[in-house]
Amino acid sequence: MKFLEARQLTKRFGGLTAVDKVDFDVDKGEILGLIGPNGSGKSTTMSLVMGLHKPDAGSIHLNGVDIAGWAPNRIAGMGVSMVFQHSRPLQQQTVLQNVLLACLPNKVTHLRVTDAQRDRALESLRLVGLGGMEEKFPSELPFAGLRRLEVAKALARDPDLLLLDEPFAGLSAGEVREFSDLIRNLRSAGRALILVDHNVKSVAALVDRAVAMSSGQKIAEGSPREVLANADVRRVYLGSQSETVGANVRKRKSEASPVLIVKNLNVTYGKAQALSNISIDVVDRGVTAVVGLNGAGKTSLFNAIAGLLPSRGEIAFRQQSIAGTPAHEIARSGIVLCPESRELFGDMSVHENLQLGGMHLSSADKRERLDFVEQIFPRLGERRGQYARTLSGGEQQQLAIGRALMMKPKLLLIDEPTLGLAPIVMDIISESIETLRKSGELSLLLAEQNMVFASRHADSVYLIEHGAIEWSGPADQFVEQVGGKIL
Amino acid sequence: MAGNTFSIRRPLIGLAIVSLATAVLPYVGLQEYSLSILTLGLFFAVYAMSWDLLFGYAGEANFGATFLIGTGAYTAALMSSNGVATPLICVAAGAAGAVVAGAVLAFPALRLRGPYFGLVTLVAVLIMRQLIILFSDKTGGEIGVAVPDVIAIEAATNFHIALGLAAVTALVLYLLVKSPFGLILEAIGQDSVNAQVLGFNIVKYKLTAFCISAFFSGLAGGLMTFYLGTASTNVFVDASVGVQIIIAAIVGGRRTVFGPILGALFMAIASEYLRPLGSLSELAVALIALIVLFFLPGGLLGLVRLARRPS
Amino acid sequence: MLIQVIVSGLLISAIYALATTGFTLLYGVSGILNLAHGTTLAASGIATWYLMGTAQLNPLLAIALGTLTGVAIGLLTFVLIIRPLRTLMKLSVADEHVFMLVATLLWTIILQEALSYLFGDVPVSVPQLVPGIVEIFGVRTPISSVLVAGLSWCVIAALWFYVSKTRSGQTILAASINPKGLTLCGVNLNAVHIVVWAIYGGLAGLAGVLVAMILGVSPSGGLELTATAFSIVVLGGLGSVGGTLIAANLIGFIETGTAYLISPSVRTLPALIILIIVLYVRPQGLFGRR
Amino acid sequence: MTKVHSGLKALSKLALGGFIAAAMSVQASAADDGPIRIGVMAKFAQINGAAILNGATQAVEEINSAGGVKGRKIELIQYDDQGSASDATLAFQRAVRQDQVSAMVGTFLSEIAITLTPWAARLKVPYIVTGAGADQVGKLVHDNYPAYKYVFRTILPASSTADGVCQSVSDLAVKQLKYKRAVLMTEDAAWTKSYDEALKTCLPQHGLDVAETIKVATDTSDFTPIFQKIEAMKADVIVTGVGIIGNKPVVQWANQQVPMLLMGYNAQAGASSFWKETSGATQGLVTFTAASQDSALTPKTVPFGEAYLKRFSTTPAAHSYATYDAIYLLKNAIEKAGKTDADAIVTELEKADFVGASGRIVFQGPNDPLTHDMKFGKDFVTGVAIQWQDGKQVAVWPSDIAKNKIAFPAFVNSAPK
C-alpha cells in the first residue's frame, strides 16, 4: 500500500468535468509531478487531495484512511500541507510570526507560544534560507522570499505529504535552481511530495514520477522521460505530427513597416516581474506569433497591448503611441483582443454576442460583417439563437474570434486560439486564420503554447520564457533552431 | 510573543497611563455633564471594540451588533424589573445571555459569507424587535423596561464604571489579539482557505470570537441599561444604532483594538460640538465619517501612525 | 377570502417588484448593494408629495419631477460615493464590499437627515392619481392601486424590452454578464455605469412615488424599505431580475396571506423566517447561480 | 504597535483638552435675580416636537411680555433628544448640570419619559411630561413616591385617553348615530394593552358591541387585508387606537373607501399638519384629543389657539396645549414658592388647581394609582373629540362645546347596518 492512493477521483463543476476518474499514488520519499496545460485539471486534483473541493466520486486513501470529502483542516491534521502559488502573508506581522502561525495547534484555548513552537518556526525559516529575516515584515521580502516564506509555513507543520502548486511560477532561472534543490532536500527527509506545474522542463529534472493530465483525464504516467516521450503528451504541448504534415510554412518578409511596435515593455505584478524589456514588431497584414509555455508572459503581453494592464515602455500602433490609452479606446482604434478566457456574454445568444461586437458599426456595415463572420464560421450561423454558455469549447472559440472580427479590427490579437480544442476544431481555426490572412485587411498576432501550430501560420515568431524574449526570427527557422529545446 | 514582548508591553503601559489619567478627570474640574458624554462614549467604545474583533480580525461584518447588545440589555432589565436579582447579577446574566444568543445566531450564520452573513445578522435585529413588540406585555414593547435598581447615581462613579469596563475590554481584547488565538483569527480573516490548510477549524475560531464579542457587548449593554434606567428598542435593538457602532469602529481604525475607542469618543465629542447645528448635527457626523472613510482608510489611529512613521 | 388574498397579493407584489427591480439590476451590473435604496425611494416620494401638495403642481408633472429626483440621487450616489470609493482607495475585493456597505449606509444617514431637515420626519402620502374604487371579483379595490400595479408591470415590461431589444440595453446586460468582455468590444464601462445609475434612479424614483401613493413614506422609514428590498432580492438571488420578480410576488403573497389567515400583527414574521431558512439551505437565493 | 499608545495619548490629549476647556467655559449662573431657565425637550424635527416647542414658546413669550415671574424673565432652553433615550439622558444632564435649568418640560416618546423619570429624581429637578402618554410614568411616580415626586404630567395618560375615547365614542356612535357593533383596531404596542381592555369593557356597557379586536403590527405597510377583514365582520364603526402608525391606516381607509367611520384615538391626527401629510385623506376621521382650536373647553382654549395660529401659522396640537399649560403651572408654582428650589416647586405643583387651555388641572395625589397625572373627567380635564372636515379640526364632542355634528365622507353610509 502506497502512502497516498487516489482512485477514480472525479470532480464536476456544473457541466464541466474538471477531474475525470483520475488514479495516482505517491509514496514517502517520492516526488510526483502533476503536469498539464492550463485547464487540464491538475490544480483541481491537488485541491481535492487537500479538501479544498469535495470530490464527486472516488477515494483518497492517506495512510489507509479515506480522507475524500473531509474538511481541509482535518486533512491538514492528518499531516498534509500545501504551498499556494499566490501567497497572502499577514502584512502586519513579522516573518517569524507568520511562520509561528503554522506551528500553532488547532485549539482556541492555546494562548501562549511555547519555546518548542518558536524553535520549530526558526528552524523552518533557516531551512528555506530565510534565517536572519525573522523580524522583517513580509512587505520587505523579495518575491522569491515570499515563496520561501510559504514553504517555511508548510514545513513548520512537519508534513508527511506536501503539495506544491506551481512553485516555480514567476521565479528567475537562478531562483528555480535554488528552489529545486530545496524541494529535493525535502524528499530526502522522507516526505511524500506532489508538485503541480506546467513548466515541464523544471519538473522533469526534479520529479521521480510524473502524471500528465489533459481535459481532466490522466493521459500518461511514468518516469519523466517516458511521460515526455508519450505521443499524447507531445500532442497536447506541441500539436500532433499529423497537423504539421503538409504545413504551409511560408516565409514572408513584409516590405511595409510593422503595424505595431512594442519596445522595452515591462509589466510587474506587485513584486513579480511578469514581462521584462519585451520588444516585438508585428508584421503588417501578416501573422506574427508569440510562443512560449503557459505562464511565460504571453497573456500579460497581450493584456498590456490591449490596455488592460498597466505597463512601462513604448507601444506604437501605426506610428501612434497608445501607451496609457484606456482599453475601450484601444479596442475602438482597431486593436482587438480575443482573450484566452474568451470573455463571452454567456447568458446572451450567439447573435447578440456578435451584435455587441459590431455595435459601433452602421446597420448596413453590421449586416455585411455578420455575413462575413458566418461565412468564416458557418457553425455560428447555425447556432445563432443559442446561449453562448451552452456552446462547446470549440464553438465558443469561434464565437470569440467572430465577435472580435465584428469590430473590423486592423490588428487582431488572439490569445491561445487552440488551447484545449479537438483537432477537428483546430483545423477550422487554422482555415480561418488563413482566410483572414488572404483577405489582406488585417494583421494578426497569435499567442500559442502549441508551437507547431504557431510556426505553421506565422511569418515571424517570438519565443518568450520567464517574461523575456528568448528567440525571434522567421517562422521556418523556428522549428529547427528551437523546437527541440522546448520539450 | 517572544522576541517582541516589548511591543506588547508598551501599548499596555500606555493603556494603563491613559486610563488612569482619564480616571482622575472628575477630580480636576471636568464637569459632570462632560463626564456623562464620556460615559456614553465609553459604552459605545466597548460596543465598537467588540464589533471590530469580528470585523477587523475574523473578517465578518456583523450588522446585528444590537442583537447582542439588546440581548444583554433586555436580559438584565427584565431580571431586574421582575426583582429576580441584584444589579450585578443581572448584568452578568445579560452577558451570559448575549453569549448564548450570539452562539445560537452565529453557529448557522457563520456558514454564510459576505453580504449574506450581514443580512442574516441584520434580520436577526429586525426579528428581535418584532418579538419585543409582539410580546409587549412581558417586554414593555415600544415603551421599554424600566429598571428599578441603580448601580450608582453619581456621575463620577458611572464614568468610572464605564471607563473601567472599556479599559478591561481593551486589555482583554488586546492580549487576545496578540496571542496565538488572535494571530489565527487574523489569518482566518485574511485568507480562510490558507488558514484551513494550516489545520485551523475556522468555524470554531469564528464562533469563539463571536462569543467573546457577544460577551463584552452584552456586558456593556447590561451596564448601560442600569446607567440609563431603562432598556428600550430605540437604544438597544436598532439597526441604525448598529450603524453608529460600525462607523465608530471604522472611523477610529479597524484591526487596532484601541482605534474603536478613539472613534467612539470622537463621535460622542463631535456630536457635542456639532449640537449648535440642531437637527443637522447627525448629518454632519455622517459626513465627517464619510470623509474619514475616503481619505483615512486606516481611521484616526492610522492617521496617528502615519504621522509618527517618518518614511 | 382566497380571492381577497389573490387580489391584494397581486397589487402589493407589483409594487414590491418595481421597488426592487432597480436594486437588483444595480447589483447585477455594478456589484453594488445600495443600502441607500429605501431612502432614494423615500426622497422621490416626499419630493412628489411636496410638489403636489405645497407647490400645487400638476400631478403628472409632480410625478415626473419626483422620478427625476430619483435619477438625480442615483447619479449623485455614483458620483459622490461609489466612484470616489473605487478610485480613491485601492481596496481588495472583500474590503471594497464592506467599505461600499458602510459608505452607502453613511450616505443613507446623510440623505435621511437632509430630508428630515427639509420636510420634517413625518410619514407622508401622495394623493391618489384617480380617486375611486372598483370591484374586482367582489373585492373593493382603489382604482389607483390597480393603476399603480398596472404601471409597475408596464415599467418592468418596458425595462425588459429595453434590455433585450435595444442596443443600449444589450450593452447593460452584457456589462452585467461580463464587463471585461464589453471593454474588449470597445465600450467605455464608466459610461455604462452612469447610464445604469440613471436607470436605477429612474426606477427607484418612480417606485418611490408609487409607494408613497399606496403605502406612504417617511425619511426615517428608508432603512426599513431597504431591508425589505434586500430580503426580496436575496431571496430571489442577488442580481437575478427574474428571481427578484418571483421573490417579490412570493413575499407579497406570504405577507398578505399571513395578514388574512393568521393575524395582521405577525404579517412580516413568516416572510423573514422563510428568508433565513432559504439562506441557510440555499445561500445563493432561490434563483441565483453560484 | 509601539507607536499606538503614544498616538492614542497624543490624540486624546488633543481631543480631551479642547473638550475640557469648552466644557469648563460654559459655567452657568443660577443667581436668584437672573432669568429663570426652563428646558424644553423633544425631537424638534418631528411635528410633535415642534408642537411641544411652540406651546412652550407661546407661554414663555406671553409670560415675559406680561412682566415675567415676579419680575424675572423666563429663559426657554431647547434640548433635542433625537428620539433616543440615550441622547435624552445626556441632554437632561446637560440641562441640569450645565445649564442649571429650574424645570424641564416636554418629551414625546414614552420610553424617553420613563428613562428620564429616575433622572429627574436623581438630579432633583421638576419635570413635566407633556407628550408621552404611557401609564407607566404615573405608576413609577406612585411606586417610588416620594423619591420620584419631581415628575408630573399634563398630557392625558393612556388610561384616561381610553376613558375619553369610550365616553366620546358612546355619545357619538351610540346616542347620535345609533350604531350597535364596533371593531377595535389598535396597533400592536405596549400602550394598547390596557387601552384594549378598557374599551372592551366600557363600550359594551354603553351599548356598543365590540365584534373583534384586531391588532396591527407597527410596521404594517399594506392595510388592505385588515380593512377587508373588518368589513367582513359587518360592524358599523371602527374604533382605532394608533399612535405610531397614524398616517397609513387613515390614507388607505380613504383610498380603499372603507364604508365605516374611523373613530377612537389617532395621535397623529390630533396635529394640524395631518391634513397636509395625508393629502386630505383624513377627511371625516374622528379622534379624541386634549383640545382643539375651536373647542371652548375653558376661556383660555380658543384665545390660545388663535394666538398660536398667528405666531406659528399653524394650529396647536394636543402637546401644544399640554406644554403651554405646563409652563404656566411652573410659573404659578415658582411665584407661590417664591424661589426656584425644586422641592418648593413640587410642593406648589401638588397643590395646584389651575384652569389652563386644556381644562382645569388638578394633579392626583400619592395614593391615587397614577400619581401626578391630571384628574380626568367632568369638571377637570375632559378632552375633546374632533372630526377632520375640509382641512379643519372641528370639535364634535363633548356636546356642550361641539360646533358641528358628525359629517360623513362620500363613501361612508350614515345608517347603521
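Which residue stands opposite A:L62 in β5(A)? The tour comes back to this after a look at the whole of chain A.

This is a predicted model, in which local features need pLDDT of at least 70, side-chain atom pairs count only at pLDDT 80 or more, and totals for chains, interfaces and linings use all residues. Residues are numbered from 1 along each chain as its sequence is written, and chains are lettered from A and ligands numbered from 1 in the order in which they are written.

**Stop 1: chain A**

Select chain A. Its C-alpha atoms fill a box of roughly 75 × 45 × 45 Å along the principal axes. The radius of gyration, taken over C-alpha atoms, is 24 Å. That agrees with the value near 23 Å for a compact globule of 487 residues, the rule being 2.2 Å times the number of residues to the power 0.38. Chain A has 19 helices and 20 strands; these are DSSP runs numbered from the N terminus (helices: H or I, at least four residues; strands: E, at least two). Buried residues, those with 20 or more other C-beta atoms within 10 Å of their own (C-beta atoms placed from the backbone), make up 50% of the chain.

**Stop 2: a sheet in chain A**

Select β2, β1, β4 and β5 of chain A, which form an open antiparallel sheet in that order. β2 (16-26) and β5 (65-66) stand at the edges with a single partner strand each, so one side of each has no neighbour in the sheet. Now zoom in on β4 (residues 57-62) and β5(A), which pair over two bridges in the antiparallel sense; pairing requires that DSSP finds at least two bridges between the strands. Here A:L62 stands opposite A:V65.

**Stop 3: a hairpin in chain C**

Select residues 133-142 of chain C. Strands β1 (133-136) and β2 (139-142) pair in the antiparallel sense over four bridges, and C:E135 stands opposite C:R140. Two residues lie between the strands of this hairpin, and C:F137 in the turn has a positive phi of about 50°.

**Stop 4: between the chains**

Show chains B and C together. Their contact (C-beta atoms, placed from the backbone, within 7 Å) takes 32 residues from chain B and 33 residues from chain C. On the chain B side, α5 (114-134), α12 (239-252) and α14 (281-295) each give two or more residues, with the largest share, twelve residues, coming from α5(B). Next, show chains B and D, which share the most contacts of the five pairs of chains in contact. Finally, show chains A and D: they do not touch, and their nearest C-alpha atoms are 9 Å apart.

Definitions and conventions:
Two residues are in contact if their C-beta atoms, placed from the backbone, lie within 7 Å. A residue is buried if 20 or more other C-beta atoms lie within 10 Å of its own, exposed if 12 or fewer, and partly exposed in between; C-beta atoms are placed from the backbone.
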